[in-house]
Amino acid sequence: MPQKIAAGNWKMNGTLEAVPEAGAIAAASGAVETILCPPATLIGPLTLAAQGTDLRIGGQSCHPAASGAHTGDISAAMLADAGATYCITGHSERRADHGESDDDVRAQTEAAWAAGLRAILCIGETLEQREAGETLDVLTAQLEGSLPGGATEENTIIAYEPVWAIGTGKVASPDQVAEVHDALRDHVGPEMSLLYGGSVKAGNAAELFALTNVDGALVGGASLKAADFVPIVEALA
Ligand code: PEP
């Protein structure tokens, strides 16, 4: 059985004032694997807040190299050193804002593994690609291009995040999610966790989690406040 996982992506949100939210989320974690991926500045503080609980902390991206002349970047080893045990790779905002290609994502995922981090590898189609009927082809190409050989359920989680559903309030329909997740299941085998991401909220989580091949969610906006995120975690438990 794939592990059930509720992961929160805080994106570029949060200062030290947000640490108590993580504390409240930590108190509710345990029944399913619960992860928060804050900005890099909060990995240390959130790791401290999560100490003695089942909440796990992750980075949002990492450079493929372990160290070196890469101003403004952060390596997987640094994330691990600060307390992370997970790292998101291939998020569509990184692909769009920083031009990260499938090759880059594969190298980052390998770097995450080398640092002992479990990767949450994101793939997703744009609205234009969906409307052109290219969704499954695009996702297959992204997966084949960015998922390194050697991926297992222990070192990798796949997150399907349709770009048009991220931060837009437009959640993919259960039929759309089921079609993609069933195809992904055929691709990655029976044990790897498959998360859906894109405007997941307490009000739509249960319907998505009821789908056979949806093992959890990667949540953006609704992971910032414990009052929003904890009900999502509970819907998965
Ligand atoms: C995300 O950024 O991974 C995401 C799914 O965002 P939101 O839940 O806000 O759509």
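## A walk through the model, starting at the binding site

Start by selecting Asn9, Trp10, Lys11, Gly167, Ser199, Gly220 and Gly221, which an unreviewed UniProt entry lists under "binding site". These residues span 213 residues in sequence, yet no two of their C-alpha atoms are more than 13.9 Å apart, so they gather at one spot. Keep in mind as you go that this is a predicted model.

**Stop 1: the ligand.** Now show the ligand and what is around it. Which residues are the closest? They are Ile166, Gly167, Gly197, Gly220 and Gly221, out of 13 residues that surround the ligand. Try colouring this shell by residue type: you should find 5 nonpolar, 7 polar and 1 charged.

**Stop 2: asparagine 9.** Go back to the UniProt list and pick Asn9. This residue sits in strand β1, which covers residues 5–9. Is Asn9 buried or exposed? It has 26 other C-beta atoms within 10 Å, and 20 or more make a residue buried, so Asn9 is buried. Leaving aside neighbours within four places in sequence, select its contacts: Cys37, Gln60, Ile88, Leu218, Val219, Gly220 and Ser223. One of these, Gly220, is also on the UniProt list.

**Stop 3: tryptophan 10.** Step along to Trp10, in the loop between β1 and α1 (19–28). With 21 C-beta neighbours inside 10 Å, Trp10 counts as buried too. Beyond its neighbours within four places in sequence, Trp10 is in contact with Leu36, Cys37, Pro38, Pro39, Ser223 and Leu224. Cys37 and Ser223 may look familiar, as they are also among the contacts of Asn9.

**Stop 4: the nonpolar core.** Next, look at the largest nonpolar core, which has 73 residues. Select Cys87, Leu117, Ile120, Ala217 and Ile232, the ones with the most contacts inside it. Then add helix α10 (residues 226–236), which gives the most to this core, with 6 residues. Zoom in on Ile232: setting aside neighbours within four places in sequence, its contacts are Ala6, Val200, Ala202, Ala205, Ala217, Val219 and Ala222.

**Last stop: the whole chain.** Zoom out and switch to a cartoon view. You can look for 10 helices and 8 strands. Along its principal axes, the C-alpha trace spans about 45 × 40 × 30 Å. A compact globule of 237 residues would have a radius of gyration near 18 Å, and the 16 Å of this chain agrees with that. Buried residues make up 49% of the chain. Finally, among contacts between residues at least 6 apart in sequence, 73% join residues at least 24 apart.

How values were computed. Residues are numbered from 1 along each chain as its sequence is written. This is a predicted model: local features need pLDDT of at least 70, side-chain atom pairs count only at pLDDT 80 or more; totals for chains, interfaces and linings use all residues. Helices (H or I, at least four residues) and strands (E, at least two) are DSSP runs, numbered from the N terminus. The radius of gyration is taken over C-alpha atoms; the globule rule is 2.2 Å times the number of residues to the power 0.38. A residue is buried if 20 or more other C-beta atoms lie within 10 Å of its own, exposed if 12 or fewer, and partly exposed in between; C-beta atoms are placed from the backbone. Two residues are in contact if their C-beta atoms, placed from the backbone, lie within 7 Å. A nonpolar core is a set of buried Ala, Val, Leu, Ile, Met, Phe, Trp, Tyr and Cys residues joined through C-beta atoms within 7 Å. A residue is near a molecule or strand if its C-beta atom, placed from the backbone, lies within 6 Å of it. Ala, Val, Leu, Ile, Met, Phe, Trp, Tyr, Cys and Pro count as nonpolar, Asp, Glu, Lys and Arg as charged, and the others, Gly among them, as polar. UniProt positions are given in the numbering used here, feature names are shortened, and annotations may be inferred rather than shown by experiment.
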